[in-house]
Amino acid sequence: MPLRSVLRGVGKYLPGEPVSNDELAQRVDTSDAWITERTGIKQRYFAQPHESCAFMGAAAARAALSRAGIDAAQVDGIILATATPDQAFPATAVHVQAALGVHQGFAFDVAAACSGFIYGLSIADAMIRAGQAKTILLIGSEVYSRILNWQDRGTCVLFGDGAGAIVLTAETTDSGGPGVLSTHIHADGRLGDILYVDGAVGQPDKPGHLVMNGREVFRHAVAKLAGAVDEVLASNQLNYKDIDWLVPHQANRRIIDAIGKRLGLGAEQVVVTVDQHANTSAASIPLALAEAVEDGRIKPGHLVLMEALGGGLTWGSALVRM
Ligand code: COA
């Protein structure tokens with residue numbers, strides 16, 4: 001029987017209070033109609049000063065551990081996907097480790113922008129199957145509000161803050177049993193200039209703001225994500241009809257609908273949270289997963305397809321039996 005990474009618990013944390021499009025329109029030259037029509041976003045959450053990437057990541061991790069019924073003392077490693085770490089180093093993951101009272105194992109961050117959760121899942125799954133860890137906490141945590149350019153209405157209305165986490169454990173299951181079936185990750189650095197942050201901790205007087213060519217990102221997103229979903233199904237000899245749920249990265253309702261349509265899925269099989277959370281980058285998939293598990297839509301035995309694309313460009317897909 002194969003050794004698999006089984007998803008045992010999922011948790012989330014949303015900071016502050018929701019900020020509606022109308023509220024945002026009081027400080028940015030935009031409107032609820034424009035944002036809703038172009039993106040499907042209705043509101044987002046912005047972190048308060050004390051709600052750092054580590055603070056939110058630790059809160060989501062506690063919720064995931066509690067749902068899994070697993071004690072922090074059993075965690076062998078923490079992988080945290082983020083594009084908005086608290087510091088260049090130490091990694092935000094080690095701050096989460098300290099906050100959770102975990103004193104063993106490893107902790108590191110993954111930087112793959114909005115694809116960070118799929119990249120992290122790929123690493124965690126490989127480590128578990130290689131026997132390097134039995135229990136891994138995988139977290140996506142983001143405070144994009146701190147890198148948004150509030151003078152650029154084409155980007156600042158699209159993003160929000162939040163964190164999501166899952167607990168993965170090593171288990172031997174039969175081929176139809178639960179676990180990560182496969183992950184597929186990609187990057188094309190030639191497209192690094194269509195979605196990026198124009199500064200860094202290492203650059204004096206330039207903390208950096210998000211810059212995006214929205215049209216180009218949209219064009220690549222639909223094509224590359226379509227390829228990624230075909231790839232994950234083909235590699236598992238599965239068909240579109242086998243999928244119970246699509247849990248996509250939540251960037252834009254139009255991109256989500258295009259991929260759902262390609263997979264022949266009904267709207268009721270696609271988990272959508274972009275309307276509530278906006279784009280929370282590496283946190284968006286675990287946040288969406290947490291919502292759908294908590295409200296009982298996603299159940300044990302369901303086959304869940306995840307996909308994401310982000311700055312890099314990076315993109316990828318994963319298939320998980322719950
Ligand atoms: N409110 C009102 N008007 C806005 C606006 C806002 N927040 N942002 C831009 N506009 C205006 C522009 O100024 C432009 O006006 P003009 O025609 O008078 O010059 C018009 O709306 C169209 O702008 P454009 O940028 O061409 O819009 P678009 O149709 O390409 O939609 C996005 C913009 C960002 C919604 C769209 O490109 C998109 O979804 N891209 C993918 C982004 C994404 O998912 N990124 C994350 C990937 S992880």
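Trp34 puts a polar side-chain atom 3.1 Å from an oxygen atom of the ligand. Keep in mind that this is a predicted model. The ligand sits between domain 1 (3–172) and domain 2 (179–321), since both of them give residues to the shell around it. Beyond the ligand site, this briefing looks at a few salt bridges and at one threonine in helix α2.

**Polar contacts with the ligand**

- Besides the Trp34 side chain, the backbone gets involved: a backbone N or O atom of Arg153 lies 2.8 Å from a nitrogen atom of the ligand.
- Gly214 does much the same job on paper, with a backbone N or O atom 2.9 Å from a nitrogen atom of the ligand.
- On its own the ligand would expose 970 Å², and the protein buries 73% of that.

**The shell around the ligand**

- Count the residues surrounding the ligand and you get 22.
- The closest of them are Thr30, Arg38, Arg153, Gly214 and Asn252.
- Sorted by class, the shell has 10 nonpolar, 7 polar and 5 charged residues.
- Four helices each chip in at least two shell residues: α2 (32–39), α6 (153–156), α7 (214–235) and α8 (253–262).
- Which helix gives the most to the shell? That's α7, with 4 residues.
- Why does the ligand lie between the two domains? Domain 1 and domain 2 both give residues to the shell, so the ligand ends up between them.

**Salt bridges**

- Searching the whole structure turns up 11 salt bridges.
- One of them pairs Lys12 with Glu294, with the closest N and O atoms 3.0 Å apart.
- That pair ties together distant parts of the chain: Lys12 is in strand β1 (residues 3–13) and Glu294 is in helix α10 (residues 284–294), 282 residues apart.
- Both ends are partly exposed, Lys12 at a relative accessible area of 24% and Glu294 at 37%.
- Arg190 and Asp188 make another salt bridge, with their closest N and O atoms 2.8 Å apart.
- Is Arg190 buried or exposed? Arg190 counts as exposed, at 71% relative accessibility, whereas its partner Asp188 is buried, with a relative accessible area of 15%.
- Asp257 and Arg253 also meet through their side chains, at 3.1 Å from N to O.
- Those two residues both lie in helix α8, 4 residues apart, which is about one turn of the helix.
- Asp257 is partly exposed at 37% relative accessibility, and Arg253 is partly exposed as well, at 32%.
- There's a small network too: salt bridges with shared partners join Lys12, Glu291 and Glu294.
- As background, side chains of opposite charge can pair when their charged atoms come close.

**Thr39 in helix α2**

- Thr39 lies in helix α2, one of the helices that supply at least two residues to the ligand shell.
- Thr39 is buried, because its relative accessible area of 4% falls under the 20% cut-off.
- What does the side chain of Thr39 reach? It gets to the backbone oxygen of Ile35, at 2.6 Å.
- A polar atom of the Thr39 side chain also lies 3.0 Å from the backbone nitrogen of Ile41.

How values were computed
Residues numbered from 1 in each chain as written. Predicted model: local features only at pLDDT ≥ 70, side-chain atom pairs only at ≥ 80, totals over all residues. Heavy atoms only, no water. Near = heavy atom within 4 Å. Polar contact = N/O pair within 3.5 Å; in protein donor to acceptor, adjacent residues only side chain to side chain. Areas by Shrake-Rupley, 256 points an atom, 1.4 Å probe, with all protein chains shown as cover. Nonpolar A, V, L, I, M, F, W, Y, C, P; charged D, E, K, R; others polar. Domains from an automatic or database assignment. Salt bridge = Lys/Arg side-chain N within 4 Å of Asp/Glu carboxyl O. Buried < 20%, exposed > 50% of the residue type's maximum accessible area, 1.4 Å probe, protein only.
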